[in-house]
Amino acid sequence: MDADKGRIGQPNNKWFVLAQYSRHVRRGFTIIDGGEDNTVAALDTHGSKLVLITANYGDAHKMTYDLSAFASVGGGCVRWTTEFASGGDQYQERRDCAPSGSTLKVTLAKASITTFELPITTPRGAPVRGA
């Protein structure tokens with residue numbers, strides 16, 4: 001911390017992990033079944049945006065989200081990743097994910113937390129499934 005220059009220095013990785021939740025799951029969102037233990041899923045108040053937040057505590061691996069619970073899923077997927085290791089991504093935004101039909105297939109980085117935002121239309125009532 002450098003009070004004379006009005007700076008507090010680099011934030012701890014915990015701040016970036018907190019941002020994964022607090023910036024994307026807002027007041028009024030509905031928490032729904034994420035399909036597996038390490039995923040939180042939420043719908044915005046208008047039912048037009050799906051947020052998926054997945055923590056990966058191990059090696060990089062592929063993940064498939066089943067989005068068949070929604071009438072339609074748009075193609076404008078955005079993701080943010082924070083890697084737990086020092087020197088890794090810290091709340092890095094990317095626009096390199098896209099659902100295909102009723103699934104979203106991604107690779108989760110080693111020891112990371114990733115948030116996905118997808119435009120959706122009217123939930124059909126079934127939970128999101130992660131595998």
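## Glu117 and its neighbours

Let's start with Glu117 in this predicted model. Glu117 sits in strand 9, and its list of contacts, leaving out residues up to four places away in sequence, runs to His24, Lys49, Leu50, Val51, Gly76, Cys77, Val78 and Trp80. With a relative accessibility of 15%, Glu117 falls under the 20% cut-off, so it counts as buried. Between the C-alpha atoms of Glu117 and Cys97 there are 9.8 Å in space and 20 residues in sequence.

## The chain as a whole

Zooming out, the protein chain has one helix and ten strands. The order is easy to remember: starting from the N terminus, it goes α-β-β-β-β-β-β-β-β-β-β. The chain has 131 residues, and 38% of them count as buried. Its accessible surface is about 7500 Å², with 49% of that belonging to carbon and sulfur atoms.

As for how the chain comes together, take the contacts between residues at least 6 apart in sequence: 68% of them join residues at least 24 apart.

## How far to trust it

The mean pLDDT over the protein chain is 86, and 87% of the residues score at least 70. Strand 3 has the highest confidence, at 96, while strand 10 (residues 129–130) has the lowest, with a mean of 56. Where pLDDT is low, the predicted coordinates shouldn't be read in detail.

## The nonpolar core

The largest nonpolar core is made up of 18 residues. Inside it, the residues with the most contacts are Leu52, Tyr65, Leu67, Leu104, Phe116 and Leu118. Six elements are worth keeping in view here: strand 2 (39–43), strand 3, strand 4 (61–66), strand 5 (70–73), strand 8 (103–108) and strand 9 (112–123) each give two or more residues to this core.

## Helix 1 and its two faces

Helix 1 covers residues 13–22, and its buried residues are Asn13, Phe16, Ala19 and Gln20. These four lie on the same side of helix 1, because the arc they cover around the axis is only 110°. Turn to the face pointing away from that buried side and you'll find Lys14 and Leu18, both exposed.

Ala19 deserves a second look. This helix 1 residue has a relative accessibility of just 2%, so it counts as buried. Beyond four places in sequence, Ala19 touches His24 and Tyr91. The C-alpha atoms of Ala19 and Gln90 are 10.0 Å apart, though 71 residues separate the two along the chain.

## Strands 6 and 7, and the loop between them

Strand 6 (residues 78–83) is mostly covered, with five of its six residues buried. Strand 6 runs antiparallel to strand 7 (residues 92–94), and three bridges join the two. One pairing to look up is Thr81, whose bridge partner in strand 7 is Gln92.

Tyr91, the residue that Ala19 touches, belongs to the loop between strand 6 and strand 7. Its phi is near 55°, which is positive even though the residue isn't glycine. Tyr91 counts as buried because its relative accessibility is 15%.

## Asn56 and Ala111

Asn56 is part of strand 3 (residues 49–56). Its relative accessibility is 4%, so Asn56 counts as buried. Setting aside residues up to four places away, Asn56 touches His61, Phe84, Leu108, Ala109, Lys110, Ala111 and Ser112.

One of those contacts, Ala111, is in the loop between strand 8 and strand 9. Ala111 is another non-glycine residue with a positive phi, in this case near 40°.

## An exposed loop residue: Thr45

For an exposed residue, go to Thr45 in the loop between strand 2 and strand 3. Exposed means over 50% relative accessible area, so Thr45, at 51%, counts as exposed. Thr45 still has company, though: apart from neighbours within four places in sequence, it is in contact with Arg27, Gly28 and Phe29. Thr45 and Thr30 are 15 residues apart along the chain, and 7.2 Å separates their C-alpha atoms.

Note on methods
Residues numbered from 1 in each chain as written. Predicted model: local features only at pLDDT ≥ 70, side-chain atom pairs only at ≥ 80, totals over all residues. Heavy atoms only, no water. Buried < 20%, exposed > 50% of the residue type's maximum accessible area, 1.4 Å probe, protein only. Pairing = 2+ DSSP bridges. Contact = heavy atoms within 4.5 Å. Areas by Shrake-Rupley, 256 points an atom, 1.4 Å probe, with all protein chains shown as cover. Core = buried A, V, L, I, M, F, W, Y, C linked by side-chain atoms within 4.5 Å. Arc of directions from axis to C-beta. pLDDT = per-residue confidence, 0-100.
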